[in-house]
Amino acid sequence: MIPSDTPVGLASAARARAALMALSGRRRWLAAMALGGLATFALPPAYALPVLLVAFPGLIWLLEGAARGRSAFAIGWCFGFGHHLLGLYWISAALFTDIHQFWWALPFSAVGLPVLLGLFAGVAGWLFHALRVRGAGGGVASACLFAAAWGLMEWVRGHAFTGFPWNLIGYGWVGVLPVLQGVSLVGIYGLSLLTVLVAALPAALADPLARPRRAWGALVVGLAALALLGGWGGWRLATASDAVVPGVRLRLVQAAIDQRLKWAEGQREQNVRENLELSALPAPEPVTHILWPETTVPFFIERDARVRQALASVTPSGGLLITGAPRSERTDDNGWRYFNSLVAVDGSGAVVGSYDKAHLVPFGEYMPLRRWIPVDAIASNGAEFSPGPGPRTLTLPGLPPVSPLICYEGIFPGAVADPVERPRWLLNLTNDAWYGHTAGPYQHFAINQVRAVEEGMPLVRVANTGISGLVDAYGRVRQSLGLGERGIIDTTLPKAPDETTLYSRAGDVLFGFGLLACFLVAIFSRSHSPRSRFNDLSS
């Protein structure tokens with residue numbers, strides 16, 4: 001029964017809790033999927049963070065109604081499936097660049113990936129249930145336990161099986177830059193943990209066995225923590241330097257070439273010419289370095305003098321043209337290895353530096369399980385790529401030391417810069433043309449913004465069809481070219497702050513302490529919660 005003097009809002013929440021806990025069978029699974037889909041709207045490009053105040057309490061109430069661990073796992077899996085089904089729909093767009101060849105992979109990309117990623121949310125649901133039934137308490141303790149279980153599995157998802165840390169909950173703060181500054185302290189996993197915890201706390205208000213003062217107090221503390229973080233972030237932004245690297249002026253080229261034409265026979269040279277034409281446009285101030293996107297040059301530059309001379313023809317005097325291109329090298333058995341690379345060419349046509357992509361896309365650039373799946377990777381063009389050595393600081397003439405990131409290498413927190421030889425800026429070359437006008441390129445750009453704040457370095461991003469742009473060390477987008485636009489950006493390079501961020505030094509250590517604190521709060525509350533005293537008496 002709901003007391004008659006209960007405020008209307010809390011009474012509605014209590015009724016919603018009772019209704020969700022009472023669901024069973026298909027209705028329970030569908031409700032979990034719907035809540036997971038709703039949570040997606042908190043992330044880029046929607047940034048509707050308040051939906052988490054419905055999605056996560058709803059999931060907690062569904063889990064509290066589960067009688068067994070396997071039911072809790074299924075609820076969590078359904079939530080994760082709905083969340084990733086909606087959040088990652090755009091991945092299937094890549095197959096439509098050659099749907100006649102890859103039609104068979106459509107159900108695997110559209111449904112199979114959410115099925116697999118849902119397993120992590122399923123384990124979070126099972127873990128929540130397993131610890132809760134062992135007396136971890138309810139109310140605030142449930143919120144802490146849920147946040148810890150979700151945060152732990154987000155971290156595992158970002159590392160297991162090469163990792164896929166896409167659409168972490170903390171990315172919803174990209175639209176609120178003052179709060180986003182928190183990732184310079186605790187990283188995106190830490191900000192996600194805090195976000196999930198605050199979003200989960202309202203569930204305690206509807207728990208009849210929770211202490212109302214404690215529930216309200218915890219919610220106020222959580223909101224105050226976000227407000228304090230935002231206040232500190234606002235101060236950080238207000239005192240940020242706008243200094244630029246002297247003598248460096250970059251030209252970012254976005255030719256917006258359709259993926260279906262990018263590697264087409266008879267079209268490849270024309271595609272290069274389009275980039276050359278944009279690179280040769282007059283500039284109001286002299287350009288020192290020209291930047292092209294991932295695999296803009298579909299030829300082996302180091303083996304093709306004609307291509308090198310064409311690139312040299314638009315390279316600024318004393319400067320460089322930096323482009324994405326495939327690279328090859330001989331193996332010991334006189335075969336060839338291929339790399340997805342960044343190549344820098346000077347005004348004489350000489351290759352003065354290169355970087356080979358280290359974190360390749362499974363099924364896109366290479367086939368894991370090659371023995372059992374006898375088909376080519378989607379982006380391999382018949383020859384799979386080999387991985388490079390990992391994060392590397394590249395020293396190029398006329399530029400501060402840079403950490404190159406090709407395509408989705410920028411999505412991995414704490415793995416975008418050499419920790420020993422620290423760079424001064426990040427350069428992301430990518431080709432999001434695979435995904436057309438979908439949410440994918442917006443999500444990808446937002447994720448790269450967060451890397452800049454975490455590492456305390458400016459980031460330059462050059463994408464074939466967009467979004468290209470310049471992000472400073474505080475996540476502020478200085479200039480950008482929208483999705484599908486054809487054009488150039490001429491810009492200076494912001495100077496990286498002299499002080500390194502706490503996250504770049506400590507990594508996920510503070511996030512780990514946060515996880516431990518949430519688990520301890522949940523477990524410690526066992527001896528103080530009305531529910532555990534009731535269980536002790538009934539036993």
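1. Start with the register at the C-terminal end of the sheet: Ser 468 stands opposite Leu 481 in S10. Two residues on, the bridge partner of Leu 470 in S10 is Gln 479. Strand S9 (residues 468–471) and S10 pair in the antiparallel sense, over four bridges. Keep in mind that this is a predicted model. In the hairpin of S9 and S10 there are five residues between the strands, and Gly 475 takes a positive phi near 85 degrees.

2. Now the sheet as a whole. It is an open one of five strands, in the order S6-S7-S8-S9-S10, with mixed pairing. Which strands stand at the edges? They are S6 (402–406) and S10 (477–481); each has a single partner strand, so one side of each is left without a neighbour in the sheet. On average, and with direction ignored, neighbouring strands here are turned by 10 degrees against each other.

3. Just ahead of S9 there is something to check by eye. The peptide bond from Gly 466 to Ile 467 is cis, with omega near 10 degrees. Ile 467 lies in the loop between strand S8 (459–463) and S9. A second cis peptide bond to look at joins Pro 44 and Pro 45, where omega is about 0 degrees. Pro 45 belongs to the loop between helix H2 (25–40) and helix H3 (52–64). For context, most peptide bonds are trans, and most residues other than glycine have a negative phi.

4. That brings up the backbone of the loop between H7 and H8, where both Thr 162 and Asn 167 are found. Thr 162 is not a glycine, yet has a positive phi of about 75 degrees. Asn 167, not a glycine either, has a positive phi of about 55 degrees. Are these two buried or partly exposed? Thr 162 counts as partly exposed because its relative accessibility is 35%, while Asn 167 has a relative accessible area of 5% and is buried.

5. On to the rings: the structure holds 13 aromatic pairs. Take Trp 90 and Trp 166, a tilted pair with 5.1 Å from centre to centre and 40 degrees between the planes. This pair links distant parts of the chain, 76 residues apart: Trp 90 is in the loop between helix H4 (69–87) and helix H5 (99–102), and Trp 166 in the loop between helix H7 (140–157) and helix H8 (177–180). Both Trp 90 and Trp 166 are buried.

6. Phe 300 and Tyr 338 also form a tilted pair, at 5.7 Å centre to centre and with 35 degrees between the planes. Again distant parts of the chain are linked, 38 residues apart, with Phe 300 in the loop between strand S2 (289–291) and helix H14 (305–312) and Tyr 338 in strand S4 (residues 336–346). Phe 300 counts as partly exposed because its relative accessibility is 26%. Tyr 338 is partly exposed too, with a relative accessible area of 22%.

7. If you care about cation-pi terms, look at Arg 303. Its charged end sits over the ring of Phe 300, 4.4 Å from the centre. The charged end of Arg 303 also sits over the ring of Trp 336, 4.2 Å from the centre of that ring.

8. There is an aromatic cluster as well, formed by Phe 56, Phe 79, Phe 128, Phe 146 and Trp 150. Trp 150 turns up again in the lining of the largest cavity, as do His 83, His 84, Leu 117, Phe 120, Ala 121, Ala 124, Met 153, Glu 154 and Arg 157. How much space lies in that cavity? About 80 Å³. The elements giving two or more residues to its lining are H4, helix H6 (106–136) and H7. The count is two cavities of 30 Å³ or more.

9. Also in helix H6 is Gly 118, which is buried, with a relative accessible area of 0%. The C-alpha atoms of Gly 118 and Leu 276 are separated by 45 Å, with these positions 158 residues apart along the chain.

10. Last, strand S3 (residues 320–330). Nine of its 11 residues are buried, so S3 is largely enclosed by the rest of the structure. S2 and S3 pair in the parallel sense over three bridges, and the bridge partner of Ile 290 in S3 is Leu 321.

Conventions:
Residues numbered from 1 in each chain as written. Predicted model: local features only at pLDDT ≥ 70, side-chain atom pairs only at ≥ 80, totals over all residues. Heavy atoms only, no water. Phe/Tyr/Trp six-rings, centres within 6.5 Å; stacked < 30°, edge-to-face > 60°. Buried < 20%, exposed > 50% of the residue type's maximum accessible area, 1.4 Å probe, protein only. Lys NZ or Arg CZ within 6 Å of the ring centre and 35° of its normal. Pairing = 2+ DSSP bridges. Axes fitted to C-alpha atoms, helices over the stretch in contact; angles between N-to-C directions. 1 Å grid on protein atoms, 1.4 Å probe; cavity = no way out; pocket = protein on both sides within 12 Å on 5 of 7 lines; lining within 4 Å. Points joined across faces, edges and corners; volume = space filled by probe spheres on them.
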